[in-house]
Amino acid sequence: MSMGLVAAPALAEELNIYSSRHYPSDEILFGKFKEQTGIEVKLLQGKAPELVERIRNEGANSPADIFITTDAANLWRAQDAGLFQPVTSDRLKAAIPAQFHEPSGLWYAFATRARVLVYSKERVKPGDLSTYEALTGPAWKGRIVSRSSGNEYVQSMTAGLIAHWGEDKTEAWAKGIVANFARPPQGGDTDQIKAVAAGAADVAIVNHYYFARLAASDKPEDKAIVEKVALFFPDQDGFGTHTNVSGAGVLAHAPHKDAAIKFLDYLASPEAQAIFAEANNEFPILDGVAPASVVQQFGPFKRDGLPIAKLGENNAAAVKLLDRAGWQ
């Protein structure tokens with residue numbers, strides 16, 4: 001008796017994502033992507049440097065299809081390690097401006113964040129503020145707080161200033177900021193805002209969405225902080241407020257390349273862009289998608305037009321410069 005062939009059950013398509021983002025918005029994105037495509041998302045989270053090292057060590061045997069992270073410096077490190085492969089699609093071409101992707105398509109940004117000033121409404125007038133450079137003046141002695149130089153946000157902002165000013169002027173700027181610190185750098189961006197509200201400093205250099213979270217909160221303690229501070233976009237008459245990104249790329253040995261490109265396409269869709277905006281208060285990349293209502297209240301602003309890839313290219317120089325300047 002002959003045996004007939006029995007078809008094996010079709011395996012559900014999957015996508016393996018390594019992510020250094022830890023935001024509720026991402027769980028929503030993964031769920032919506034599965035709803036639309038049927039592709040199962042498997043997630044591994046960690047700190048960006050650890051994930052880059054893991055992907056490097058896994059080599060051709062890596063199960064990872066996508067690396068998604070915050071900050072241009074982390075995208076650059078993965079790129080510099082040869083971890084991405086170039087990809088493109090009609091949607092990515094149409095949706096992502098040249099400023100916000102690596103020229104050959106190694107990675108794409110899908111949301112942006114502005115490096116703003118949060119100031120004391122009691123001790124600072126908006127007219128007192130203007131540029132990042134002005135914060136080095138003697139009037140700001142003992143009045144500024146920031147994260148440490150080990151943080152990618154500080155490094156990328158410095159890398160952007162190097163692109164505009166060169167290393168000598170940027171180092172002088174960094175030394176001037178250090179001289180005007182109210183305290184040694186400590187804590188995250190929310191801690192800097194709290195320090196201003198508590199009177200320990202007058203101006204904090206932070207990402208806009210940390211202030212937006214406090215402004216959107218119903219907690220009495222957060223409302224009390226927001227009542228005492230306000231947000232300012234620096235350099236509006238110059239190159240514009242420093243802008244950083246969240247971004248992703250398809251990994252060189254991605255076992256599910258087609259699914260990975262579908263995922264990048266989804267991140268560039270109006271639905272996903274609205275999730276980035278509403279769930280995490282980031283600025284969407286896609287034209288026509290509005291920021292969250294709390295972010296809209298900050299008003300329009302001029303953002304720095306520098307290609308984001310420059311932030312990564314200048315990262316090593318920025319780290320060394322910050323060390324020379326004594327930025328702890």
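Here are legends for a set of close-up views of this predicted model.

Local features need pLDDT of at least 70 and side-chain atom pairs count only at pLDDT 80 or more, while totals for chains, interfaces and linings use all residues. Residues are numbered from 1 along each chain as its sequence is written, and side-chain values use heavy atoms, with hydrogens and water left out.

**View 1. Helix α1 packing against helix α10.**
Helices here are DSSP runs (H or I, at least four residues), strands are runs of E of at least two, and both are numbered from the N terminus. Helix α1 covers residues 24–37 and helix α10 covers residues 257–267; they pack at an angle of about 115 degrees, with axes 11 Å apart. The axes are lines fitted to C-alpha atoms, for helices over the stretch in contact, and the angles run from 0 to 180 degrees between N-to-C directions. The crossing of α1 past α10 is right-handed (the near helix is turned clockwise from the far one by less than a right angle; anticlockwise would be left-handed). On the α1 side, the contact uses Leu29, Phe30, Lys32, Phe33 and Gln36, and α10 brings Ala259, Lys262, Phe263, Tyr266 and Leu267. Contact means heavy atoms within 4.5 Å. Sorted by class, that contact has seven nonpolar, one polar and two charged residues (Ala, Val, Leu, Ile, Met, Phe, Trp, Tyr, Cys and Pro count as nonpolar, Asp, Glu, Lys and Arg as charged, and the others, Gly among them, as polar).

**View 2. Helix α7 crossing helix α8.**
Helix α7 (residues 189–197) and helix α8 (residues 208–216) have axes that come within 9 Å and cross at roughly 65 degrees. α7 passes α8 in a right-handed crossing. Asp189, Thr190 and Ile193 of α7 meet Tyr210, Phe211 and Leu214 of α8, which by class gives four nonpolar, one polar and one charged residues. The buried residues of α7 include Asp189 and Ile193, along with Gln192, Ala195, Val196 and Ala197. Buried means under 20% relative accessible area, exposed over 50%, and partly exposed in between (1.4 Å probe, protein chains only). Following α7 comes Gly199, with a positive phi near 90 degrees. Tyr210 also has the charged end of Arg213 over its ring, 5.1 Å from the ring centre (the test is NZ of Lys or CZ of Arg within 6 Å of the centre and within 35 degrees of the ring normal).

**View 3. The aromatic cluster with Trp165 and Phe239.**
Trp165, Trp173, Phe181, Phe239 and Trp327 form one aromatic cluster. Rings of Phe, Tyr and Trp (its six-membered ring) pair if their centres lie within 6.5 Å; planes under 30 degrees apart are stacked, over 60 edge-to-face, and the rest tilted. That rule yields a count of 12 aromatic pairs. With ring centres 6.3 Å apart and planes at 65 degrees, Trp165 and Phe239 make an edge-to-face pair. This pair links distant parts of the chain, 74 residues apart: Trp165 is in helix α5 (residues 152–165) and Phe239 is in the loop between β7 (229–232) and β8 (243–250). Both Trp165 and Phe239 are buried.

**View 4. Phe233 stacked on Phe301.**
The Phe233 and Phe301 rings are 4.1 Å apart, centre to centre, with 0 degrees between the planes. Phe233 belongs to the loop between β7 and β8, and Phe301 to the loop between α12 (293–296) and α13 (309–313), 68 residues apart. Phe233 is buried, with a relative accessible area of 9%, but Phe301 is partly exposed at 25%.

**View 5. Positive phi at Asp71 and Asn281.**
Asp71 isn't a glycine, yet its phi is positive, about 80 degrees. You'll find Asp71 in the loop between β3 (66–70) and α3 (72–80), buried at 0% relative accessibility. Asn281, also not a glycine, has a positive phi of about 60 degrees. Asn281 lies in the loop between α11 (270–280) and β9 (283–284) and is buried, with a relative accessible area of 8%.

**View 6. Leu321 and its contacts.**
Leu321 is in helix α14 (residues 315–324) and counts as buried, at 0% relative accessibility. Setting aside neighbours within four places in sequence, Leu321 is in contact with Thr158, Ile162, Glu167, Thr170, Glu171 and Ala174.
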